[in-house]
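Q: I'm just starting out with protein models and would like to go slowly through one part of this one. Could you show me the structure before we zoom in?

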Amino acid sequence: MSTSKERGSARTGGKRSEAATKPTPPRRVKKSETSSSARPTAVDDAGLSEVRFLTVAEVASVMRVSKMTVYRLVHSGELPAVRVGRSFRVPDQAVHDYLQAAYIEAG
């Protein structure tokens, strides 16, 4: 009786390919390969020393929505945020920009 190594596979004509025996390591992505302009934030426009960050509760209070709504906006990418430990901080300019974009004139 022959083993699977001796038989090979029908697709390779009885020979084992090198790619099948050696797993390929994951490819590392350099920061230069990622597009930082894909999602501009308020931090891009102003220096970090000038940016005021708000907590999720503060954003919810300003927008008059629940904290869960703010979390949904952050997780969906509609509202940019920075993760600090286990909590999020949202630039106040990002909240202002979001509200300006969402504003509609009734009438």
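How much area does the protein chain expose, and what percentage of it do carbon and sulfur atoms supply? After that, please take a close look at helix H4: which of its residues are buried, and what do they pack against?

A: Sure! First, a heads-up: this is a predicted model, so local features need a pLDDT of at least 70 and side-chain atom pairs count only at pLDDT 80 or more, while totals for chains, interfaces and linings use all residues. Residues are numbered from 1 along each chain as its sequence is written, and side-chain values use heavy atoms, with hydrogens and water left out.

On to your first question. The protein chain exposes about 9100 Å², and 51% of that comes from carbon and sulfur atoms (areas are from the Shrake-Rupley method with a 1.4 Å probe, and for residues only the protein chains shown count as cover). Of its 107 residues, 16% count as buried, where buried means under 20% relative accessible area, exposed over 50%, and partly exposed in between (1.4 Å probe, protein chains only).

Before zooming in, here's the layout. The chain has six helices and three strands (DSSP runs numbered from the N terminus: H or I of at least four residues for helices, E of at least two for strands). Along the sequence they come in the order α-α-α-β-α-α-β-β-α. Contact here means heavy atoms within 4.5 Å. Take the contacts in the protein chain with a separation of 6 or more: 44% of them are between residues 24 or more positions apart.

Now for H4, which covers residues 56–63. Its buried residues are Val-56, Val-59, Ala-60 and Met-63. Looking down the axis of H4, you find them within an arc of 100 degrees, so they line one face of the helix (the arc is that of the directions from the helix axis to the C-beta atoms). Go around to the other side of H4 and you meet Ser-61 and Val-62, which are exposed.

What does that buried face pack against? The partners are strand S1 (53–55), helix H5 (67–76), strand S3 (87–91) and helix H6 (92–102).

Let's stay with H5 for a moment. The axes of H4 and H5 are 8 Å apart, and the two helices pack at an angle of about 105 degrees (axes are lines fitted to C-alpha atoms, for helices over the stretch in contact, and angles run from 0 to 180 degrees between N-to-C directions). That makes H4 roughly perpendicular to H5, a label used for 65 to 115 degrees. On the H4 side, Val-56, Ala-57, Val-59, Ala-60 and Met-63 take part, and they meet Lys-67, Val-70, Tyr-71 and Leu-73 of H5. Sort the residues of this contact by type and you get eight nonpolar, no polar and one charged (nonpolar is Ala, Val, Leu, Ile, Met, Phe, Trp, Tyr, Cys and Pro; charged is Asp, Glu, Lys and Arg; polar is the others, Gly among them).

H5 has a buried side too, made up of Val-70, Leu-73 and Val-74. Seen down the axis of H5, these residues fall within an arc of 100 degrees, so they line one face of that helix. Their cover includes H4, S3 and H6. Arg-72 and His-75 are exposed on the face of H5 turned away from its buried side.

Finally, see how H4 ends. Arg-64 follows H4 and lies in the loop between H4 and H5. Most residues other than glycine have a negative phi. Arg-64, though, has a positive phi of about 60 degrees although it is not a glycine. With 76% relative accessibility, Arg-64 counts as exposed. H5 is also followed by a residue with a positive phi: Gly-77, near 90 degrees.

How values were computed
Parallel < 35°, antiparallel > 145°, perpendicular 65-115°, else oblique.
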